[in-house]
Amino acid sequence: MLIEIAVTSLHDDLTTALEQYARAMIPVYWVVDVPGRRILVHSQPRVADGRGDYARIDIYHVGQSILLMLDGQGVAIIPFDDLLR
């Protein structure tokens, strides 16, 4: 799992970095969009025609909780509000 904290780098985190991580088959990629007050959880990496992307994107907002998965197992439930205090 890889986590990026995006304050000024959101565009790069969601384009260049995302493509590179998917191509490297990083299974889960979180982007914490601090100004937008949301967390984007990308999973199911795939590569087509040499370009990487993620088949699934879950978006979390204030008041929600995120299930932390490791090796396919849920290991913790993290309240969104605890991450962006």
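**Entry 1: Asp 49.** I began in the loop between E3 and E4, where Asp 49 sits. I was working on a predicted model. Phi of Asp 49 is near 55 degrees, a positive value in a residue that is not glycine. Is Asp 49 buried or exposed? Its relative accessible area is 82%, so I put it down as exposed.

**Entry 2: overall layout.** I then went through the secondary structure. The protein holds 3 helices and 6 strands. In sequence order I read β-α-α-β-β-β-β-β-α. The C-alpha atoms fill a box of roughly 40 × 30 × 15 Å along the principal axes. I checked the radius of gyration next. For 85 residues, a compact globule would come out near 12 Å; the protein has 13 Å, which agrees.

**Entry 3: burial, contacts and surface.** I looked up how much of the chain is covered. Buried residues account for 32% of the 85 residues. I also took the contacts between residues at least 6 apart in sequence. Of these, 40% join residues at least 24 apart. The exposed area is about 5,300 Å², and carbon and sulfur atoms supply 53% of it. For charge, I noted 7 positive and 11 negative side chains. The centres of the two sets lie 3 Å apart.

**Entry 4: helix H2.** I moved to H2, residues 16-23. Which of its residues are buried? I found Ala 17, Leu 18, Glu 19 and Ala 22. I noted that one of these, Glu 19, is an acidic residue counted as buried. The spacing recalled a general point: an α-helix has 3.6 residues a turn, so residues three or four places apart point the same way. I then asked what covers the buried residues of H2. The cover includes helix H1 (10-14) and strands E2 (28-33), E3 (38-48) and E4 (51-61). After H2 comes Met 25, with a positive phi near 60 degrees.

**Entry 5: the cores.** I traced the largest nonpolar core next. It has 11 residues: Val 28, Trp 30, Val 32, Ile 39, Val 41, Tyr 60, Ile 66, Leu 68, Ile 78, Phe 80 and Leu 84. E2, E3 and strand E5 (65-70) each supply at least two residues of this core. E2 gives the most, with 3 residues. Apart from this core lies another, of 8 residues. Its members include Ala 6, Ala 17, Val 31 and Leu 40. Ala 17 is also among the buried residues of H2. In soluble globular proteins, nonpolar side chains tend to be buried together.

**Entry 6: around Phe 80.** I picked one core residue, Phe 80, and listed its contacts. I left aside neighbours within four places in sequence. Phe 80 then touches Arg 37, Arg 38, Ile 39, Tyr 60, His 61, Val 62, Gly 63, Gln 64 and Ser 65.

**Entry 7: His 61 and Arg 37.** From Phe 80 I followed the contact to His 61, which is found in strand E4. His 61 has 39% relative accessibility, so it counts as partly exposed. With the same neighbours left aside, His 61 is in contact with Arg 37, Arg 38 and Phe 80. How far apart are His 61 and Arg 37? They are 24 residues apart in sequence and 6.6 Å apart in space, C-alpha to C-alpha. Arg 37 is placed in the loop between E2 and E3. Its phi is near 50 degrees, again a positive value in a residue other than glycine. At 37% relative accessible area, Arg 37 is partly exposed.

Conventions: Residues are numbered from 1 along each chain as its sequence is written. This is a predicted model: local features need pLDDT of at least 70, side-chain atom pairs count only at pLDDT 80 or more; totals for chains, interfaces and linings use all residues. Side-chain values use heavy atoms; hydrogens and water are left out. Helices (H or I, at least four residues) and strands (E, at least two) are DSSP runs, numbered from the N terminus. The radius of gyration is taken over C-alpha atoms; the globule rule is 2.2 Å times the number of residues to the power 0.38. Buried means under 20% relative accessible area, exposed over 50%, partly exposed in between (1.4 Å probe, protein chains only). Contact means heavy atoms within 4.5 Å. Accessible areas come from the Shrake-Rupley method with a 1.4 Å probe; for residues, only the protein chains shown count as cover. Lys and Arg count as positive and Asp and Glu as negative; His and the chain ends are not counted. The place of a charge is taken as NZ of Lys, CZ of Arg, CG of Asp or CD of Glu. A nonpolar core is a set of buried Ala, Val, Leu, Ile, Met, Phe, Trp, Tyr and Cys residues joined through side-chain atoms within 4.5 Å.
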